[in-house]
Amino acid sequence: MPPVAIQLYSLLFKLILRRRLSSLSASASSSSFGVSSRAAADHHHPSPPSNPSFSSAAGADAVATKDLHPDPLSSLHLRLFLPNPHHSATPAAPAAGANAPPPLRRNSFPQPAHDARSPASAVGQELSRRASASFSGVSPSAAPCYGGYLPTARSGRRLPVIVQFHGGAFATGAADSAANDAFCRRVARLCDAIVVAVGYRLAPESRYPAAFEDGVTVLKWIAKQANLAACGRTMARGAGSGGADSFGAALVEPWLAAHADPSRCVLLGVSCGANIADYVARKAVEAGKLLDPIKVVAQVLMYPFFMGTSPTQSELKLANSYFYDKSTCLLAWKLFLPEGEFSLDHPAANPLVPGKGPPLKLMPPTLTVVAELDWMKDRAIAYSKELRKVNVDAPVLEYKDAVHEFATLDVLLKTPLAQACAEDIAIWVKKYISLRGHELSY
């Protein structure tokens with residue numbers, strides 16, 4: 001059982017969330033442009049601004065962030081999380097008087113300038129000309145910021161891409177909320193991957209399938225970015241250094257172009273975001289090579305928002321559980337599904353309805369995270385079991401005395417259980433994103 005303080009906070013959370021959903025239901029209006037950010041029940045934590053630097057001000061985890069709006073016709077919003085290439089690979093600082101190690105030639109971020117009379121200075125200047133980041137106008141003491149991308153420059157090491165979908169019952173939350181920002185930073189650091197947090201359109205302004213289609217749109221956008229970068233590099237090699245930025249640098253997103261490896265893409269969904277992730281995974285399977293060079297190698301479903309007409313044992317026993325009880329979730333589904341189409345066996349709600357997408361045997365490896373005190377856990381476990389029946393790697397991690405969103409809610413993010421969950425996810429994900437493979441599994 002959770003601590004008393006968490007139980008009391010859960011009561012307040014449910015009260016505020018129910019009032020918010022009821023208010024949205026009373027003033028529901030449709031909009032193709034939509035809304036992609038709305039304060040959740042924990043709205044007293046403001047959204048942190050993006051910070052494209054690796055200073056301690058951006059967080060001790062050395063992760064830079066950037067906000068993007070890839071679709072001018074909708075409110076779709078992205079926040080990119082780029083872990084510092086130096087952070088995990090840089091050796092400890094040498095002792096005073098010791099010779100400094102030469103800069104890494106393959107790194108996209110040049111080392112601080114050395115004395116002009118020293119041999120290291122010439123090496124540093126050569127690196128600055130060849131790197132894909134520019135630090136012109138930045139003082140030596142300032143935090144390094146990403147300065148741009150050139151197709152002819154030597155890019156740094158390629159990082160896998162994790163596309164993350166936040167929770168919030170389809171009607172609240174945001175990709176740049178304080179809780180989601182902290183969680184994505186943690187995932188980016190532990191997995192050593194670029195995290196693309198998706199701010200999809202929310203209900204009731206944009207009902208199903210708007211949020212699900214936004215997830216597919218983001219996957220196609222990442223594929224387009226990779227193709228533009230590759231095309232730019234090809235044109236630059238053919239035209240010489242004089243045409244280096246005539247195509248690629250003008251159109252591509254620099255962080256993804258310089259560091260992303262789209263052939264190692266993982267989908268990660270939190271609560272209702274897990275429903276979106278599963279939908280996007282199915283669409284990626286159906287698209288096949290049409291999404292090249294994107295390859296979804298795995299997905300992580302964290303306490304999915306699955307429901308169904310036939311109640312499970314956990315639904316009967318824990319219907320009034322913490323934070324998200326069944327009655328509140330039903331209200332959220334009524335806001336999300338199109339009017340006149342409400343059904344708990346809707347393909348968006350129930351992953352086990354027959355005829356839903358491609359055969360399960362074609363689905364990517366799927367890690368399911370569930371909480372012991374979550375009334376929706378049984379259906380998520382049943383879905384994982386069906387995947388294992390067709391030989392898909394689909395383990396389940398169930399955490400004792402845990403509640404829905406125990407690893408992503410703002411008041412629970414710093415608990416040992418939340419940290420352990422993120423580390424467990426990273427261990428499993430690295431089996432599929434590590435170039436060298438990974439010996440640990442479940």
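Helices and strands are DSSP runs, numbered from the N terminus, where a helix has at least four residues and a strand at least two. The exercises below use this numbering, and they concern a predicted model.

**Exercise 1. Determine where Pro-209 and Pro-293 lie, and which form the peptide bond before each of them takes.**

Solution. Begin with Pro-209, which is found in the loop between strand 4 (194–199) and helix 4. The peptide bond that leads from Tyr-208 to Pro-209 is cis, with omega near 10°. Continue with Pro-293, whose place is in the loop between helix 7 (272–287) and strand 6 (296–302). Here the bond to examine is the one from Asp-292 to Pro-293, and this bond is cis with omega near 5°.

**Exercise 2. Describe the chain as a whole: how many helices and strands does it have, and what share of its residues counts as buried?**

Solution. Counting the elements first, we find 11 helices and 8 strands in the chain. Turning to burial, 54% of the 442 residues of the chain count as buried. As a last step, consider the contacts in the chain with a separation of 6 or more: residues 24 or more positions apart account for 77% of these.

**Exercise 3. Classify the packing of helix 1 against helix 9 from the angle between them, and list the residues that form the contact.**

Solution. The first step is to take the geometry: helix 1 (residues 4–26) and helix 9 (residues 326–336) pack at an angle of about 25°, and their axes are 10 Å apart. The second step is to apply the cut-off, by which angles under 35 degrees count as roughly parallel. Helix 1 and helix 9 are therefore roughly parallel to each other, and their crossing is left-handed. The third step is to look at the contact itself, to which helix 1 gives Leu-17, Arg-18, Leu-21, Ser-22, Leu-24 and Ser-25, while helix 9 gives Ser-327, Thr-328, Leu-331, Ala-332 and Leu-335. Sorted by character, the residues of this contact between helix 1 and helix 9 comprise 6 nonpolar, 4 polar and 1 charged.

**Exercise 4. Carry out the same steps for helix 3 and helix 11, starting from the angle at which their axes cross.**

Solution. The axes of helix 3 (residues 178–191) and helix 11 (residues 416–433) come within 9 Å and cross at roughly 45°. Helix 3 and helix 11 are therefore oblique to each other, and the crossing of these two helices is right-handed. On the side of helix 3 the contact is made by Arg-186, Arg-189, Leu-190 and Cys-191, and on the side of helix 11 by Ala-418, Gln-419, Ala-422, Glu-423, Ala-426, Val-429, Lys-430 and Ile-433. The residues of the contact of helix 3 with helix 11 divide into 7 nonpolar, 1 polar and 4 charged.

**Exercise 5. Which residues touch the most other members of the largest nonpolar core, and what are the surroundings of Leu-219?**

Solution. The largest nonpolar core has 121 residues, of which Val-163, Leu-219, Met-302, Phe-323, Phe-336 and Phe-406 touch the most other members. Taking Leu-219 as the example, we place it in helix 4 (residues 210–239). Its relative accessibility is 2%, so Leu-219 counts as buried, given that buried means under 20% relative accessible area. Leaving aside neighbours within four places in sequence, Leu-219 is in contact with Val-163, Cys-265, Leu-267, Val-280, Ala-284, Leu-291, Ile-294 and Val-296. One of these partners shows how sequence and space are related here, since Leu-219 and Ile-294 are 75 residues apart in sequence and 7.6 Å apart in space, C-alpha to C-alpha.

**Exercise 6. Compare Tyr-303 with Asp-401: what is the phi of each, and is each buried or partly exposed?**

Solution. Start with the backbone, where Tyr-303 has a positive phi of about 35° although it is not a glycine, and Asp-401, also not a glycine, has a positive phi of about 60°. Next, locate the two residues: Tyr-303 is in the loop between strand 6 and helix 8 (313–317), whereas Asp-401 is in the loop between strand 8 (396–399) and helix 11. Finally, turn to accessibility, where Tyr-303, at 0% relative accessibility, counts as buried, whereas Asp-401 is partly exposed, with a relative accessible area of 34%.

Technical notes: Residues numbered from 1 in each chain as written. Predicted model: local features only at pLDDT ≥ 70, side-chain atom pairs only at ≥ 80, totals over all residues. Heavy atoms only, no water. Axes fitted to C-alpha atoms, helices over the stretch in contact; angles between N-to-C directions. Parallel < 35°, antiparallel > 145°, perpendicular 65-115°, else oblique. Left-handed = near helix turned anticlockwise from the far one by under 90°. Contact = heavy atoms within 4.5 Å. Nonpolar A, V, L, I, M, F, W, Y, C, P; charged D, E, K, R; others polar. Core = buried A, V, L, I, M, F, W, Y, C linked by side-chain atoms within 4.5 Å. Buried < 20%, exposed > 50% of the residue type's maximum accessible area, 1.4 Å probe, protein only.
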